[in-house]
Amino acid sequence: MIGRHRHLLGLEAFERDEIVAILQCAASMKEVLRRPLKKVPTLRGKGVVNLFFEASTRTRTSFETAAKILSADAVNWTAAASSLKKGETLLDTVRNIEAMRPDVLVIRHPAAGAPKFVADRVGCSVVSAGDGAHEHPSQGLLDLYTLAEHFSGVLRKGGIPDFGSIEGRTVVVVGDVTHSRVARSDLFGLTRLGARVRFCGPPTMIPPGVKELGASVFHGLREALKGADAVVMLRIQHERIGDPLIPGTREYSRFWGLDERKVQEWLGASCAILHPGPINRGVELSSEVADGVNSVILEQVENGVAVRMAILYLLAGGAQEPPAEGRTDSPAVARTRSANT
Amino acid sequence: MMEAIVMDTDGIARALKRMAREIEERVPAGELGIVGIRRGGVHLAQRLQEKLTEATRGEVPLGTLDIALYRDDLSEHSSAPVVGPTDIRFPVSGRVIVLVDDVIYTGRTVRAALDELVDFGRPRRVLLAVLVDRGGRELPIAPDVIGVRLEVPEGEQVEVRLVEAGAARDLVILKPRGQA
């Protein structure tokens with residue numbers, strides 16, 4: 001359990017304390033990553049299924065690595081190789097996987113809300129690894145962890161970050177906010193921890209209603225970066241280029257991309273640059289900036305494993321209470337009950 | 001039942017002094033490493049390390065183990081135990097490691113600590129030092145260096161209170177189980 005939650009479907013429903021509990025656990029997990037022998041027996045005999053209906057190497061590998069370091073058995077189920085091509089529904093796929101009795105189901109799906117749909121119908125814990133343009137909670141958490149390391153001065157030095165250090169900071173999220181689940185998870189996580197969030201991008205890439213969620217909106221990168229403590233550069237999705245509402249890559253990079261000159265002139269010396277990956281070099285970030293001193297992109301990847309270890313540990317570690325409603329006759333539910341006695 | 005004091009501030013100081021001397025006699029200087037088991041053993045380990053550093057005139061390395069990731073009772077808890085940091089920054093291989101805890105009871109904590117310790121390397125030898133041995137072992141594990149031995153019935157609990165952990169003064173008390 002993470003606080004009151006049996007699943008991690010998004011950060012919107014999480015309170016500050018619940019988010020900090022995950023991050024604190026991740027700090028202990030990060031120590032395990034630095035050991036000569038990177039394996040602990042904690043989740044021995046627990047099953048984690050990575051169910052991916054959308055291409056992803058980074059996130060899937062990160063969850064898989066996290067599960068393996070904790071000694072859980074990780075299995076990958078990818079849409080390309082599955083019976084979806086043969087016409088199986090999402091619910092049937094999930095019921096088949098559930099019959100194999102996993103303890104945690106990690107789901108990525110192109111449709112927003114798919115992990116919630118599954119969570120309401122299974123006995124195991126469900127973690128969203130990104131659903132449509134809804135949320136990508138583990139990415140939001142690893143961004144918070146990396147920012148806390150940066151703000152408390154322990155980045156690349158080791159040591160436990162102070163998660164209170166995010167409070168009062170200004171973080172700019174630049175790019176296609178409309179289609180970005182990362183932007184939404186970042187927004188919820190950052191505002192919960194007391195940061196100010198600015199969204200910046202072409203008007204066609206900023207959805208209506210974000211001000212009500214607590215973000216301020218900028219269309220010019222220069223003003224958006226004024227006084228910023230960190231900037232998250234979103235990936236421009238290639239599949240959206242050619243969309244008449246979206247500028248071409250050259251235009252985008254000129255107005256909303258970061259190169260060495262803009263970093264020198266517009267960014268404070270201590271401003272961190274984050275990117276959820278994979279980078280389009282020369283579009284959102286020039287190569288010098290992606291590999292420069294302000295970039296914390298590879299730290300994000302390392303912290304991603306620690307954060308996902310914490311998520312799996314908290315959700316699979318303790319015995320789970322059965323869901324209040326739903327299919328109480330499902331084998332997975334019956335099994336979690338008996339584990340409690 | 002009221003709380004009963006079984007060891008006062010002076011008693012704890014004397015016990016730790018004797019324990020440090022015993023460790024010093026059993027282990028050649030320069031081969032020693034002290035590791036406290038979180039959370040009860042951490043401050044005691046630090047006190048022993050200070051005494052040993054003074055006695056052997058060489059810095060004795062100090063570390064901390066958190067056994068949450070090595071527990072054998074994960075599925076019996078309604079929620080996962082809070083994981084704290086493990087911090088061992090010196091090579092464990094070839095050294096004599098003194099594991100330190102405040103109280104030994106069932107021995108399960110020490111079992112977990114041993115499993116975790118060997119993941120850091122292959123110590124030449126491991127000694128177990130505890131301030132209180134209250135009996136009641138469930139595993140074949142025995143302490144080597146002991147502050148005090150008590151026969152404590154199952155319904156009672158030994159609590160070590162130290163100033164480093166916020167207590168007004170150092171005390172070892174006996175009280176009914178489950179009382180905050």
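A residue is buried if 20 or more other C-beta atoms lie within 10 Å of its own, exposed if 12 or fewer, and partly exposed in between, with C-beta atoms placed from the backbone. Residues are numbered from 1 along each chain as its sequence is written, and chains are lettered from A and ligands numbered from 1 in the order in which they are written. This is a predicted model, where local features need pLDDT of at least 70, side-chain atom pairs count only at pLDDT 80 or more, and totals for chains, interfaces and linings use all residues.

**Exercise 1. Find out whether A:Arg101 is buried, exposed or partly exposed.**

Step 1: Start with the place. A:Arg101 sits in the loop between helix 3 (90-99) and strand 3 of chain A; helices (H or I, at least four residues) and strands (E, at least two) are DSSP runs, numbered from the N terminus.

Step 2: Count neighbours. There are 13 C-beta neighbours inside 10 Å, so A:Arg101 counts as partly exposed.

Step 3: Check the backbone. A:Arg101 has a positive phi of about 60 degrees, although it is not a glycine. Most residues other than glycine have a negative phi.

Step 4: Try A:Ser71 too. It lies in the loop between helix 2 (58-69) and strand 2 (73-78) of chain A, and its phi is positive, about 70 degrees. A:Ser71 counts as partly exposed because it has 15 C-beta neighbours inside 10 Å.

**Exercise 2. Work out how strand 3 of chain A fits among its neighbours.**

Step 1: Look at burial. Strand 3 (residues 104-109) of chain A has 6 of its 6 residues buried, so it is largely enclosed by the rest of the structure.

Step 2: Sort the directions. A:Val104, A:Val106 and A:Arg108 point one way, while A:Leu105, A:Ile107 and A:His109 point the other way.

Step 3: Find the partners. Two strands pair if DSSP finds at least two bridges between them. Strand 1 (residues 47-52) of chain A pairs with strand 3 of chain A in the parallel sense over 5 bridges, and A:Val48 stands opposite A:Val104. Strand 4 (residues 125-131) of chain A also runs parallel to strand 3 of chain A, joined by 5 bridges, with A:Ser125 opposite A:Val104.

Step 4: Follow the chain. From strand 3 of chain A it crosses through helix 4 (residues 114-119) to strand 4, a right-handed β-α-β crossover. Right-handed here means that, with the strands pointing away from the viewer, the path from the first strand over the helix to the second runs clockwise.

**Exercise 3. Describe how the two domains of chain A meet.**

Step 1: Set the bounds. Chain A is divided into domain 1 (16-135 + 304-322) and domain 2 (137-300), with bounds from an automatic or database domain assignment.

Step 2: Get the spacing. Their centres, taken over C-alpha atoms, are separated by 25 Å.

Step 3: Count the contacts. 20 residues of domain 1 of chain A are in contact with 22 residues of domain 2 of chain A; contact means that C-beta atoms, placed from the backbone, lie within 7 Å.

Step 4: See who supplies the touching side of domain 1 of chain A. Helix 1 (16-33), strand 4 and helix 11 of chain A each give at least two residues, and helix 1 of chain A has the largest share, 7 residues.

**Exercise 4. Locate the cis peptide bonds at A:Pro278 and B:Arg39.**

Step 1: In chain A, the cis bond joins A:Gly277 and A:Pro278, with omega about -10 degrees. A:Pro278 lies in the loop between strand 9 (272-274) and helix 10 (287-290) of chain A.

Step 2: In chain B, the cis bond joins B:Arg38 and B:Arg39, with omega about -5 degrees. B:Arg39 is in the loop between strand 2 and helix 2 (40-56) of chain B.
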